[in-house]
There are 4 protein chains.
Amino acid sequence: MPLYNLVSRETQAEDTVVQVGVAAFGGGNFSVIAGPCAVENREELIELALQLKACGVQMLRGGVFKPRTSPYSFQGLGKEGLQFLAEAGAAAELPVVTEVLDVRDLDLVLQYADMIQIGSRNMQNFGLLREVGRVKHPVLLKRGLSATLEEWLLAAEYIVAEGNRQVVLCERGIRTFETATRNTLDISAIPLVKQLSHLPVVADPSHATGRRELVPPVARAAVMAGADGLMIEVHPAPERALSDGAQSLRPHQLEQFMRGLPALLQVRGNW
Amino acid sequence: MPLYNLVSRETQAEDTVVQVGVAAFGGGNFSVIAGPCAVENREELIELALQLKACGVQMLRGGVFKPRTSPYSFQGLGKEGLQFLAEAGAAAELPVVTEVLDVRDLDLVLQYADMIQIGSRNMQNFGLLREVGRVKHPVLLKRGLSATLEEWLLAAEYIVAEGNRQVVLCERGIRTFETATRNTLDISAIPLVKQLSHLPVVADPSHATGRRELVPPVARAAVMAGADGLMIEVHPAPERALSDGAQSLRPHQLEQFMRGLPALLQVRGNW
Amino acid sequence: MPLYNLVSRETQAEDTVVQVGVAAFGGGNFSVIAGPCAVENREELIELALQLKACGVQMLRGGVFKPRTSPYSFQGLGKEGLQFLAEAGAAAELPVVTEVLDVRDLDLVLQYADMIQIGSRNMQNFGLLREVGRVKHPVLLKRGLSATLEEWLLAAEYIVAEGNRQVVLCERGIRTFETATRNTLDISAIPLVKQLSHLPVVADPSHATGRRELVPPVARAAVMAGADGLMIEVHPAPERALSDGAQSLRPHQLEQFMRGLPALLQVRGNW
Amino acid sequence: MPLYNLVSRETQAEDTVVQVGVAAFGGGNFSVIAGPCAVENREELIELALQLKACGVQMLRGGVFKPRTSPYSFQGLGKEGLQFLAEAGAAAELPVVTEVLDVRDLDLVLQYADMIQIGSRNMQNFGLLREVGRVKHPVLLKRGLSATLEEWLLAAEYIVAEGNRQVVLCERGIRTFETATRNTLDISAIPLVKQLSHLPVVADPSHATGRRELVPPVARAAVMAGADGLMIEVHPAPERALSDGAQSLRPHQLEQFMRGLPALLQVRGNW
């Protein structure tokens, strides 16, 4: 018996499909989540959301509670950011996803977000996993920086064991000795997790690489490895972003990427 | 300017001394924390505490909220375990330390424990760090599995920035490619952190090695690297421990270790 | 000034193209190298080579001097294996590549092989690097298991500094904490190395993953990340291979992969 | 059956003792090897050797063939360096150890050195391992940067299988994600390798830490973990060393370390 059960492909052979508004993941569905690392400004976010929608993105992301290594870094706009995010999502008719750091913020976030993100640092915050396991919102579960596939699937099991089966896994790079990139995207984790589990898997090439110019090639790679979606950071002016500017695409760069995507998905489907 | 400030040796040249009942860490003080991985049984714990006290241990440890990779593993006794732990500490006249996993449990734990442990998986649970930064109990902050020294010190900065200066750092092994041991104790982190920060540092050779027979030599090594204390798992019958039996010393093994310790500390002091 | 100079994109803006018989790498050229981990048997190898040729492979690989962790494992056929490999290459009109482990074998290998492979364990065998830098054969330089990109490029610099500019880099996975796969293919290394250097880069999904079923998706990913070629292990009957059977494709699996490849390269070209 | 046999503690219960002139390792013997990273200058080396002898060192080290990441770095004095090293050893009545990088240099080195060092980058240079397995000189086998304990012991097995049983293992730090130190000394490898094998183990705190101020505490830690010796870099003027200056002790720092060592060994013996 594997340590995980409910999330195992042996327990459920068919893909779990997670539908969030116009976005869908798994069972042949592919969606792109895009947006800024952090919500910073209402007008800019609305404009960006409209641009993203126009180029084919299916979900808007934006952090309002930011997990920052230093207590002195920008920590996010909190409730006000949630309002901006929900407004931008509504304006562009896109569902929105944002990260919850603290169980005490969960009720608030549930009022504004369509999908709840559990970040890498909280992949083994078991109290938080259990709480999001008890809600009806779908959950995006990022892999921890040094989590094995087994630990990651067991973290998903914590959520599903509480009753919430709407879990999307997100490979976002692991910590290795290599310092040329922020992290190392574990590309083989994508097909392997899909073999081991019925849950959808998306890739986050922004956090994995930490370098804007590497995001498109690594995103394309993730698609061909079998990802059910992508999560990409986009900022209207990365050079003044309050966090993660170096890894954020400019809107026209995402647009260019999105134009090429359908042909790639078609090749993948025909193989 | 380093990213951390309040915990930096540049900000405060002299060692911080953390005193918890009969235990003290830093400024030349050295203490041993010992006890079972998890509190399992009232009578056994009291008997063990008395044995530990008799062989020179200064603090009793015992987990009651256990962070377990699998949702199906023993999760700890919770409140009942806190009562047993406090009772055993009182019986042996030893202060007690236990881990808090969830901010919502903090008030409860504060009623029973003398020191609050933040575990590896929560080293960047920033909400929890801030909350323990607002209490008067001293805090034992374990290094995350893949945390750099800078990230670890910044996690301590989160606590100290809220007003609680009573922080003891705990090196407990990092995750590497080597699978012969559970983790890899980063021995050079001990003198390096003491150079960078005024906070005391203790070592946990039990989690670092995961193998009972390696605990004494690695514990001795940590002492000579400059540690201000040790945290060692001890169980009266490791073969039936509900968690971490393979890395738990038997009481007579700890006793043997404790007998040799004063001579080692004397050599260290004279060098 | 970067530490490497001759291999730097700053020194030479245009791609280096490495041509080896019908195979070519770089400057828009893409080739697949395939064959068994080790040369085991003359007839089987010839038959396999013909199959590989028929499905579009451009180069035959096969180890005759095997770097084995244990002195008691099969060490390769040596000179006899070289003869089989050359014969099979001739029969299928494919150039052949094989690994040199020891400077003393170089002259012998040069008589039979069209391309010389430097394996991961020898990436910093500087005497060997210098020697292959003095010959006219092109060199396939695998990344070391724990080599940074900078160290890898400096290893290439050792070869080029001796006069041999025909170097192809091969990303074959790095060693990380993850044990579910043999190694972790560093997918972002492919576009990043191509940005830093003018040398072609190929990917080896067989050694990276160690699992047959992961080879096709990871190979496809490497193509979309920008690789100039692939190196894939194929064995007519992996279950009786003398080494690396678990990661070897069966011939029909490679054939299926090769059928889908042109469409993928076209998508890549059009993006 | 373990993969290694001849080096296994199961095959030979008693410690192997390796005696090299006045130095001895294993079976209760402890020796210190010290000297510069690279041999640079005849007079200075002789003077340093005399100082090292005076403070209790048992073996002189000095690199003459240097494995350098960049082809443009100082590569060592070669044969001339060997002569200087042998002369300094003779003057101080100390045996000498130096690294061989290339099988073609082995005969030359055997004429001058008392012990042959196989460096980290060559731990799996199997041709070189076999050749040093056929000579009568004792061998110091450094652990590879990302070698598991099993791979390290199998590298030793390659040597012993050829007939040379005089092998001393050297733990010199492994490559991890932590960048605050050059490498991470795997302190638990010391007692674990001694449990698995009868071969002596020494530690190299200089390469492990890369920082002079960390060398004494980490060296002391290695002693208490059970090491049979130490290898420490010392340079008369580290600020002008041609390699590894930052990690080289000054002679008076080594002297201070050596003064404290007997008391530490006594505590270890009495435990």
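This is a short talk on the contact between chain B and chain D in a predicted model.

Hi everyone, thanks for coming. Let me start with the extent of this interface. Chain B brings 39 residues to the contact, and chain D brings 39 residues as well. People often give the size of an interface as the accessible area lost when the parts come together. Here, the area buried between chain B and chain D is about 3200 Å², and carbon and sulfur atoms give 73% of that area.

Now for the polar side of things. How many salt bridges are counted between chain B and chain D? The count is 2. In one salt bridge, the side chain of Glu178(B) meets that of Arg143(D), with 2.8 Å from N to O. Across the interface of chain B and chain D there are also 8 residue pairs in polar contact.

Which elements of chain B give two or more residues to the side that touches chain D? They are α6 (189-196), α8 (215-225) and α9 (251-270). α9(B) gives the most, with 7 residues. Sorted by class, that side of chain B has 22 nonpolar, 10 polar and 7 charged residues.

Finally, symmetry. Chain B superposes on chain D with an RMSD of 0.0 Å, after a rotation of 180° with 0.0 Å of shift along the axis. Those values give the relation of a two-fold axis. If you'd like to find the axis on screen, look for Ala221(B): in chain B, its C-alpha is the nearest to the axis, at 1.9 Å. Both copies use the same surface, and 100% of the contact residues of chain B recur in chain D.

That's my tour, thanks for listening!

Conventions:
Residues are numbered from 1 along each chain as its sequence is written. Chains are lettered from A and ligands numbered from 1 in the order in which they are written. This is a predicted model: local features need pLDDT of at least 70, side-chain atom pairs count only at pLDDT 80 or more; totals for chains, interfaces and linings use all residues. Side-chain values use heavy atoms; hydrogens and water are left out. Contact means heavy atoms within 4.5 Å. Buried area is the accessible area (1.4 Å probe) that two parts lose on being put together, summed over both. A salt bridge is a side-chain nitrogen of Lys or Arg within 4 Å of a carboxyl oxygen of Asp or Glu. A polar contact is a pair of N or O atoms within 3.5 Å; within protein, one must be able to donate a hydrogen and the other to accept it, and residues adjacent in sequence count only if both atoms are side-chain atoms. Helices (H or I, at least four residues) and strands (E, at least two) are DSSP runs, numbered from the N terminus. Ala, Val, Leu, Ile, Met, Phe, Trp, Tyr, Cys and Pro count as nonpolar, Asp, Glu, Lys and Arg as charged, and the others, Gly among them, as polar. Copies are superposed by least squares on the C-alpha atoms of residues with pLDDT of at least 70 in both.
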